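Q: Could you take a close look with me at one part of this structure, the annotated binding site? I would like to know what sits around that spot and how it relates to the rest of the chain.

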Amino acid sequence: GYGSLEIICGPMFSGKSEELIRRIKRAKIARQNVVVFKPSIDDRYEAEGICSHDGNSIKAINISNSEEILNYINKDTDVIGIDEVQFLEGDTLSICRGLVAEGKRVICAGLDMDFRGEPFGCVPNLLAVADSITKLTAVCMTCGKPAIFTQRLVDGNPARYDDPLILIGAKESYEARCRKCHEIDK
Ligand code: ADP
Ligand code: ZN
């Protein structure tokens, strides 16, 4: 039969990785065959695992293109997890739909908006075709209200709208912010 597509989205620090890890652990307890992937660009922690900001972790396979998923699964695979799905190259929408058509439970976690507040990569399209969506909030680092945005700071100042999406080697940092406190230098 058909599988299903679950999306866990929200800003940085909203607990997306934590929630993905929780669902994967429960599938493993139920003795399901589980494979977890993450884009190799996200190397904030160890090379072969996904880690939440509070230190929980599970094993994950590093890939750069979503097509690589097909090399690591077979007909016995029940559950496929993908963290930081917004950074995967390739036609992630088609790959995920194909997996669901083959009966897999696919769970994707990722940022729904980039630092500018724009829809991020494949995530808006995944949300459109998902069976279930969990949109998490973080705590606004300025006012303490629920935060749906990711604030990028470069040398302590709000990033500019036309900054590249992926900065390499810059003194950048990120904070969760609410709609009122999210700042962007246009
Ligand atoms: P995500 O995958 O969405 O970036 P993680 O699952 O990696 O989130 O991390 C969530 C954890 O981050 C929280 O449980 C908490 O310990 C920590 N954290 C740090 N800053 C914040 C914040 N501003 N709001 C909420 N949690 C935060
Ligand atoms: Zn705020």
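A: Let's start with the annotated binding site and then work outwards to its surroundings. Please keep in mind throughout that this is a predicted model.

The unreviewed UniProt entry gives the annotation "binding site" to Cys-140, Cys-143, Cys-178 and Cys-181. These positions span 42 residues in sequence, but no two of their C-alpha atoms are more than 8.0 Å apart, so they gather at one spot.

Take Cys-140 to begin with. You will find Cys-140 in the loop between β9 and β10 (146–147). Is Cys-140 buried or exposed? Cys-140 counts as buried, because 22 other C-beta atoms lie within 10 Å, and the cut-off for that class is 20 or more. Leaving aside residues up to four places away in sequence, Cys-140 touches Lys-145, Ala-147, Ala-176, Arg-177, Cys-178 and Cys-181. That list includes Cys-178 and Cys-181, which belong to the annotated set.

Now move along to Cys-143, which is also placed in the loop between β9 and β10. Here the surroundings thin out: Cys-143 has 11 C-beta neighbours inside 10 Å and therefore counts as exposed, as a residue does with 12 or fewer. With residues up to four places away in sequence set aside, Cys-143 touches Cys-178 and Cys-181. So within one loop you have a buried Cys-140 and an exposed Cys-143.

One of the contacts of Cys-140, Ala-176, leads us into a sheet. Ala-176 is in β13, where it is the bridge partner of Thr-150. Strand β11 (residues 149–154) and β13 are paired in the antiparallel sense over six bridges. Together with β12 they make up an open sheet of three strands, in the order β12-β11-β13, with antiparallel pairing. Its edge strands, each pairing on one side only, are β12 (157–158) and β13 (172–177). When you follow the side chains along such a sheet, it helps to remember that in a regular strand they alternate between the two faces.

Over on β12 you can stop at Pro-158. Pro-158 has 16 C-beta neighbours inside 10 Å and so counts as partly exposed. Its contacts, without residues up to four places away in sequence, are Gln-151, Leu-153, Glu-183, Ile-184 and Asp-185. To judge how this strand lies relative to the ligand, consider Ser-52, one of the closest residues to ligand 1. The C-alpha atoms of Pro-158 and Ser-52 are separated by 25 Å, with the two positions 106 residues apart along the chain.

Back at the other end of the cysteine loop, β9 (138–139) offers a link to the ligand. Both β9 and α1 (16–29) supply at least two residues of the shell around ligand 1, and α1 gives the most, with three residues. Altogether 15 residues surround ligand 1, and the closest are Lys-16, Ser-17, Ser-52, His-53 and Ala-138. By class, this shell holds six nonpolar, six polar and three charged residues.

The same unreviewed entry has another annotation for you to look up: "active site", covering Glu-84. Glu-84 is found in the loop between β6 (79–82) and α2 (92–101). It counts as buried because it has 21 C-beta neighbours inside 10 Å.

A further stop is strand β1 (residues 4–10), where six of the seven residues are buried, so the strand is largely enclosed by the rest of the structure. β1 pairs in the parallel sense with strand β7 (residues 105–111) over seven bridges, and Leu-5 stands opposite Val-106 in that pairing. β1 also pairs in the parallel sense with strand β8 (residues 132–135), this time over four bridges, with Glu-6 opposite Ser-132.

Finally, step back to the whole chain. It has three helices and 13 strands. Its radius of gyration is 16 Å, close to the 16 Å that the globule rule gives for 186 residues, so the chain is as compact as a globular protein of that length. Of these residues, 35% count as buried. Of the contacts between residues at least 6 apart in sequence, 73% join residues at least 24 apart.

Definitions and conventions. Residues numbered from 1 in each chain as written. Chains lettered and ligands numbered in written order. Predicted model: local features only at pLDDT ≥ 70, side-chain atom pairs only at ≥ 80, totals over all residues. Near = placed C-beta within 6 Å. Nonpolar A, V, L, I, M, F, W, Y, C, P; charged D, E, K, R; others polar. UniProt positions renumbered as here; feature names shortened; annotations may be inferred. Pairing = 2+ DSSP bridges. Contact = placed C-beta atoms within 7 Å. Rg over C-alpha atoms; globule rule 2.2 N^0.38 Å.
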